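Let's work through some exercises together. Keep the structure open beside you and try each task before reading its solution.

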Amino acid sequence: MRSRIVIIPLLIFIFFHLDSNLYGQKSENDWENSEIFGINKEEAHNTAIPFATFEQAKNGEREISPYFKLLNGKWKFNWVLKPADRPTDFYKPEYDVSSWDEIPVPISWQLYGYGIPIYLNTDYAFGVINPPYIPHYNNPVGSYRRNFTVPDNWDEREIFIHFDGVKSAFYIWVNGEKVGYSQGSMTPAEFNLTPYLKAGENILAVEVYRWSDASYIEDQDMWRLSGIFRDAYLFSTPKTHIRDFFVKTDLDENYKNAQLIIEVELKNYSENSFDDYTLEAVLLDNTGEQVGETMKGLNIALPGNDKVNVNLEQLIIDPQKWTAETPNLYQVVLILKDENDKTIETVECKIGFREI
């Protein structure tokens, strides 16, 4: 009887000791830290590509913008079953990836034979449940590398990289320097690459983890897939930039006329301050014709390394309404002009007049 009493506590000690090592209870990994969702990421904003002219923005196709560069295509790729086996120095320019496989971006790596796709409803796919920790023996890692060049007409501009979707968590390096970290599979992630870039060819490295502490909130009816599964691209902005905007369509009590309200955030990435900037907003119908007057914010001052909010507002008489049966869309084009009335940036978005 005494021997049983001694053995049981010993087994309990061994179990928890092994569990601590296998499932990362002593880990300081970002992908097991529920307080970290991103490092050095840009603040969230609506998705809008900068254009050079009003006509480009009116067209709305991002590919015609001189400040957009798609990074989709073949990337060098390495896959391992667990983090301990990953190539830890692969982001360094001198690291040779010529023997690596190639994988298209965007794609989920399971569709190319790296690991298996997992379909579950209410269970987790990575073993014993111990939030926020992930089993270190079962957390595949995909390492991606590719080279890119920056267009010549992007000199003196801010340059960003945008990932539409990476699952589940990832790190990013440029030219051997660590840029940041992100998790949040179904939401975009952006990083400012301006300080890390050089003339000519640049090296981009991305390390993707299949599971992270965020995987614990994905206990739902879905396929568990991994990788850079949506578009990745570069875009550039002027030093003074339309960083974000929000369009509201406030219909009156008769559901007839609407107050068009546009809230805009302008950001100055330079140390210099600027005065007498102008922000214009134009509303277009589905034929491309202007509706109402051009809205203007005048004499805007932009302090160095700071943000400024500008609100524009106009009454729109009896616009076509958006419903599920009549999905009428309008287009808003924003134009930012400097003190010499020169257009330095335009952006656009589609809107509908509706109220819930």
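**Exercise 1.** Find how many bridges join strand β3 to β4, and which way the two strands run.

*Solution.* Start with β3, residues 73-80. Five bridges join β3 to β4, and the two strands run antiparallel. For one example, look at W75, whose bridge partner in β4 is I103. Two strands count as paired if DSSP finds at least two bridges between them; strands are DSSP runs of E with at least two residues, helices are runs of H or I with at least four, and both are numbered from the N terminus. Before going on, note that this is a predicted model, in which local features need pLDDT of at least 70 and side-chain atom pairs count only at pLDDT 80 or more, while totals for chains, interfaces and linings use all residues. Residues are numbered from 1 along each chain as its sequence is written, and side-chain values use heavy atoms, leaving out hydrogens and water.

**Exercise 2.** Place β3 and β4 in their sheet, and work out which strands stand at the edges.

*Solution.* First, write down the order of the seven strands: β1-β10-β9-β12-β6-β3-β4, an open sheet with antiparallel pairing. Next, look at the ends: β1 (38-39) and β4 (101-105) each have a single partner strand, so one side of each is left without a neighbour in the sheet.

**Exercise 3.** Explain what the salt bridge between D231 and R62 ties together.

*Solution.* A salt bridge is a side-chain nitrogen of Lys or Arg within 4 Å of a carboxyl oxygen of Asp or Glu. Here the N to O distance is 2.7 Å. D231 lies in the loop between β14 and β15, and R62 in the loop between α2 and β2, so the pair ties together parts that are 169 residues apart in sequence. The whole structure has 15 salt bridges.

**Exercise 4.** Decide whether K167 and E218 are buried or exposed.

*Solution.* Buried means under 20% relative accessible area, exposed over 50%, and partly exposed in between (1.4 Å probe, protein chains only). Both K167 and E218 are buried. These two residues also form a salt bridge, with their closest N and O atoms 2.7 Å apart. Now compare R62: at 21% relative accessibility, R62 counts as partly exposed.

**Exercise 5.** Name the residues linked in a salt-bridge network with K337.

*Solution.* The network links E280, K296, K337 and D341. Within this network, K337 and D341 meet at 3.9 Å, N to O. K337 counts as buried, at 14% relative accessibility.
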